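The points below are offered as a colleague's note, to be read beside the sequence and the coordinates. They go from the overall fold to single residues.

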Amino acid sequence: MSQERKTYPKEFKVMSVELSNTRTDLGALAKELDISPALLYRWRKEFSSKQGSSFPGNGKVILSAAEQELALLKKELRETQMERDILKKAISIFSKGDNKYSGS
């Protein structure tokens, strides 16, 4: 039997993190909220590192403008390198073919 994965709305996660900042016993808080303490710690870590962009939902990461530009530039670089490699192979193939007929 497979167990369904629980999903929690962003508001619940934010409220849980805010409560955890005011409490000292996080294990008791996690028990009250019916979540595991490890999950609460993970939410706290994500919220402290990403603030407003934390908990985007459905696993989709929200990137800042700089991160979006970096991802776009990395994608363009990969595509350009692939095109360069294809052209290098084509040049080597066509240059080998020219040598066969140039000696006659």
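1. Overall make-up. The chain contains four helices and zero strands, and its order along the sequence reads α-α-α-α. The model is a predicted one, and every point that follows should be read with that in mind. Of the 104 residues, 15% count as buried, and among the contacts with a separation of 6 or more, those between residues 24 or more positions apart account for 40%.

2. The nonpolar core. The largest nonpolar core has 11 residues in all, namely Val 14, Val 17, Leu 26, Leu 29, Ala 30, Leu 33, Ile 35, Leu 39, Leu 40, Trp 43 and Phe 47. The elements that contribute two or more residues to this core are helix 1 (10-22), helix 2 (26-33) and helix 3 (37-50). As general background, nonpolar side chains in soluble globular proteins tend to be buried together.

3. Helix 1. Helix 1 is made of 13 residues and spans 19 Å from its first C-alpha to its last, which is close to the 18 Å expected at 1.5 Å a residue. Its buried residues are Lys 13, Val 14, Ser 16, Val 17 and Ser 20, and these cover an arc of only 160 degrees around the axis, so they sit on the same side of helix 1. The other side of helix 1 has Glu 11 and Thr 22 as exposed residues. The general background is that an α-helix has 3.6 residues a turn, so that residues three or four places apart point the same way.

4. Helix 2. The residues Leu 26, Leu 29, Ala 30 and Leu 33 of helix 2 are buried; seen down the axis, the buried residues of helix 2 fall within an arc of 100 degrees and therefore line one face of the helix. Lys 31 and Glu 32 are exposed on the face of helix 2 that is turned away from the buried side. At the N-terminal end of helix 2, Asp 25 acts as a cap, with a side-chain oxygen 3.4 Å from the backbone nitrogen of Gly 27.

5. The aromatic pairs. How many aromatic pairs does a search of the whole structure find? The search finds three, and two of them are described here. In one, Tyr 8 and Trp 43 are edge-to-face, at 5.4 Å centre to centre and with 75 degrees between the planes; this pair links distant parts of the chain, since Tyr 8 belongs to the segment before helix 1 and Trp 43 to helix 3, 35 residues apart. Tyr 8 is partly exposed, at a relative accessible area of 23%, whereas Trp 43 counts as buried at 3% relative accessibility. In another, the rings of Phe 12 and Trp 43 have centres 6.0 Å apart and planes at 90 degrees, and the pair is therefore edge-to-face; it too links distant parts of the chain, with Phe 12 in helix 1 and Trp 43 in helix 3, 31 residues apart. Tyr 8, Phe 12 and Trp 43 form one aromatic cluster.

6. Ser 16. Is Ser 16, a residue of helix 1, buried or exposed? Its relative accessible area is 0%, and because buried means under 20%, Ser 16 counts as buried. The side chain of Ser 16 reaches the backbone oxygen of Phe 12 at 2.7 Å. Once the neighbours within four places in sequence are left aside, Ser 16 is in contact with Leu 29, Leu 33, Leu 40 and Trp 43.

7. Asp 34. The backbone of Asp 34 merits a separate look, as phi is near 60 degrees, a positive value in a residue other than glycine. Most residues other than glycine have a negative phi. Asp 34 comes just after helix 2, in the loop between helix 2 and helix 3, and is exposed, with a relative accessible area of 54%.

8. Glu 46. Glu 46 is placed in helix 3 and counts as partly exposed at 23% relative accessibility. The C-alpha atoms of Glu 46 and Val 17 are separated by 9.8 Å, although these two residues are 29 residues apart along the chain. Of this pair, Val 17 is among the buried residues of helix 1 and is also one of the residues of the largest nonpolar core.

Definitions and conventions: Residues are numbered from 1 along each chain as its sequence is written. This is a predicted model: local features need pLDDT of at least 70, side-chain atom pairs count only at pLDDT 80 or more; totals for chains, interfaces and linings use all residues. Side-chain values use heavy atoms; hydrogens and water are left out. A nonpolar core is a set of buried Ala, Val, Leu, Ile, Met, Phe, Trp, Tyr and Cys residues joined through side-chain atoms within 4.5 Å. Buried means under 20% relative accessible area, exposed over 50%, partly exposed in between (1.4 Å probe, protein chains only). Rings of Phe, Tyr and Trp (its six-membered ring) pair if their centres lie within 6.5 Å; planes under 30 degrees apart count as stacked, over 60 as edge-to-face and the rest as tilted. The expected span of a helix is 1.5 Å times one less than its number of residues. The arc is that of the directions from the helix axis to the C-beta atoms. A polar contact is a pair of N or O atoms within 3.5 Å; within protein, one must be able to donate a hydrogen and the other to accept it, and residues adjacent in sequence count only if both atoms are side-chain atoms. Contact means heavy atoms within 4.5 Å.
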